[in-house]
Amino acid sequence: MRRRKRRRNIQHALLAIGALIVVVAVIVGVKLILEKKGIMEEPDDSVAANTDPVQKEEEDGPTEEELAAQAEAEREAQKQEVMGQAERLALSYDYDAAIELLKTLEGYDLDEEIQAKITEYETTRDSCVPVNINEVTHIFYHSLVVDPHRAFDDTSDPQTAGNSQWMTTISEFEKITQEMYDRGYVMVGIHDLVEVTTDENGNTVYEPGTILLPPGKKAFVLSLDDLCYYHSYDGYGFASKLLVDENGNLYNEYIQEDGTTVTGDFDVVPLMDKFIEEHPDASYRGAKGIVALTGYNGILGYRTDSSYADPAAYDGLDADKKQWLRDHPDFSLEEERAGAQKVADAMKAKGWEFASHTWGHLNVGSLSLERLQTDTQKWRSNVEPIVGATDVIIFAHGQDLGPWGAYSEDNANYKYLREQGYTIFCNVDGSAPYMVYFGEDYLRQGRRNLDGYRIYKNAIGEQDNLSDLFDAAEILDPERPPVPDL
Ligand SMILES: [Zn+2]
């Protein structure tokens with residue numbers, strides 16, 4: 001009995017071991033099958049990333065609170081951007097445009113900060129007073145001297161006397177610009193001076209325009225003569241051309257004494273653009289100067305005149321042009337004109353205007369009608385296509401059509417210029433701080449030369465006709481030698 005029991009026990013144990021083996025085998029087998037089917041693979045990193053809590057939140061999207069905060073931040077950024085633009089407009093005395101711009105902002109009428117600005121601009125606008133147009137002064141420069149030593153020092157060269165008399169240095173220009181700004185001068189456009197209307201008989205009438213400035217501010221017009229970078233300037237320390245960068249800003253090319261070329265702000269256009277960028281209140285509604293161009297050597301530093309590309313005319317070219325063509329065998333009139341076009345477009349975008357200075361820098365006071373006609377057509381076919389049509393003529397050599405009576409239909413040259421669309425005529429008149437004269441349907445304005453001769457004569461006390469603008473003794477470039485008499 002005990003033996004049977006023991007044997008049974010042994011049988012039970014063997015059965016149990018057998019059953020255990022079967023169970024383990026089954027488990028291992030099932031696991032192998034499942035693994036093969038890819039159902040029980042170990043979780044890898046990519047699977048873990050899918051369960052990342054951050055990922056989960058993004059899938060759910062930001063909360064309403066977060067959306068509201070984001071929208072508010074965007075609104076605030078846009079508001080600050082628009083308020084900055086409005087401030088620039090207000091600084092340039094265009095208060096209405098500034099207010100209009102602020103009113104484009106959503107909810108402006110409930111925004112205390114914007115309302116305060118609108119009130120401020122309205123108050124300043126209403127305190128402005130009209131400029132007496134008949135007392136607006138008009139100053140002008142030629143291209144600036146970059147290197148006074150190259151321009152003035154070689155007194156055995158007759159051209160240095162002209163450089164010394166007619167030209168202003170960069171240092172003088174910068175001091176004048178700052179001093180006039182400090183004295184409250186604001187640059188206005190020549191067309192701001194005029195209001196053109198039509199009378200009851202249908203005739204065009206020229207009347208003083210309306211320029212409103214804060215009390216104490218004074219308006220002035222700026223012009224630049226001969227911005228062509230003539231061959232005759234080469235080697236005397238002037239910039240050689242204007243160029244445009246990728247942002248539409250103008251800069252100069254300057255060829256140094258050692259022949260290497262550098263670029264930078266070496267003449268009035270880029271220097272004045274920078275000054276007004278830094279001092280928006282130096283210019284009335286973004287006005288810049290008006291640039292008087294001849295055409296015989298091209299414009300703005302580009303050889304755009306058809307004479308350069310006309311082999312038949314080659315023998316008739318002057319020595320400078322012939323030499324330039326020899327030095328530039330790859331010259332292309334189309335490329336030169338495209339370069340000038342780019343500069344002219346960029347200048348216009350920045351507020352600069354253009355005027356005729358006659359194509360050939362002629363003495364208009366003693367000119368035959370035939371010569372004036374030929375010259376005007378050259379300007380219209382070589383310069384106008386690049387800078388656009390203009391109603392302003394700034395006479396060369398400071399001349400005028402003639403005495404007062406010259407501005408009548410009896411004067412053939414006047415009649416012809418009127419037919420060609422010119423209605424604003426500028427000469428040089430340094431005798432008074434201003435000369436503004438409105439004819440029935442035209443404007444004449446005298447200009448003041450802020451050149452070496454006048455600055456020097458004022459600085460040494462021989463003349464006194466600049467003190468309304470600046471103190472010449474403070475302005476005179478210490479590197480400038482005494483300026484010879486005319
Ligand atoms: Zn000139």
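In the predicted model, the buried residues of helix 12 pack against four elements, namely strand 8 (241–244), strand 9 (250–255), helix 10 (268–278) and helix 14 (384–387). The buried positions of helix 12, which spans residues 333–349, are E336, R337, G339, A340, V343, A344, A346 and M347. The end C-alpha atoms of this helix are 24 Å apart, which agrees with the 24 Å that its 17 residues should span at 1.5 Å a residue. Helix 12 is followed by G351, a residue whose phi is positive, near 105°.

Strand 8 and strand 9, against which helix 12 packs, belong to an open sheet of three strands that has the order 8-9-10 and antiparallel pairing. Strand 8 and strand 10 (261–264) are the edge strands of this sheet, each pairing on one side only, and the twist from one strand to the next averages 35°. Four bridges join strand 8 to strand 9 in the antiparallel sense, with K241 standing opposite E253 of strand 9. Two helices lie across this pair of strands: helix 12 runs at about 70° to strand 8, whereas helix 10 runs at about 140° to strand 9.

A further set of strands, paired in the parallel sense, involves strand 11 (residues 290–293). Strand 7 (residues 218–225) runs parallel to strand 11 and is joined to it by three bridges, the bridge partner of S223 being I290. Strand 11 also pairs with strand 12 (residues 353–356), in the parallel sense and over four bridges; here L293 has S356 as its bridge partner. In a regular strand the side chains alternate between the two faces of the sheet. Both faces of strand 11 are covered, since I290 and A292 on one side, and V291 and L293 on the other, are all buried.

Two of these strand 11 residues also stand out in the largest nonpolar core, which has 102 residues and in which V188, V291, L293 and L300 have the most contacts. Helix 12 gives the most to this core, contributing five residues, and the core draws at least three residues from each of domain 2 (72–127) and domain 3 (133–475). In soluble globular proteins, nonpolar side chains tend to be buried together. For L293, the contacts that remain when neighbours within four places in sequence are left aside are with L227, C228, I299, F354, H357, V383 and V387.

Note on methods. Residues are numbered from 1 along each chain as its sequence is written. This is a predicted model: local features need pLDDT of at least 70, side-chain atom pairs count only at pLDDT 80 or more; totals for chains, interfaces and linings use all residues. A residue is buried if 20 or more other C-beta atoms lie within 10 Å of its own, exposed if 12 or fewer, and partly exposed in between; C-beta atoms are placed from the backbone. Two strands pair if DSSP finds at least two bridges between them. A nonpolar core is a set of buried Ala, Val, Leu, Ile, Met, Phe, Trp, Tyr and Cys residues joined through C-beta atoms within 7 Å. Domain bounds come from an automatic or database domain assignment. Two residues are in contact if their C-beta atoms, placed from the backbone, lie within 7 Å. The expected span of a helix is 1.5 Å times one less than its number of residues. Axes are lines fitted to C-alpha atoms, for helices over the stretch in contact, and angles run from 0 to 180 degrees between N-to-C directions.
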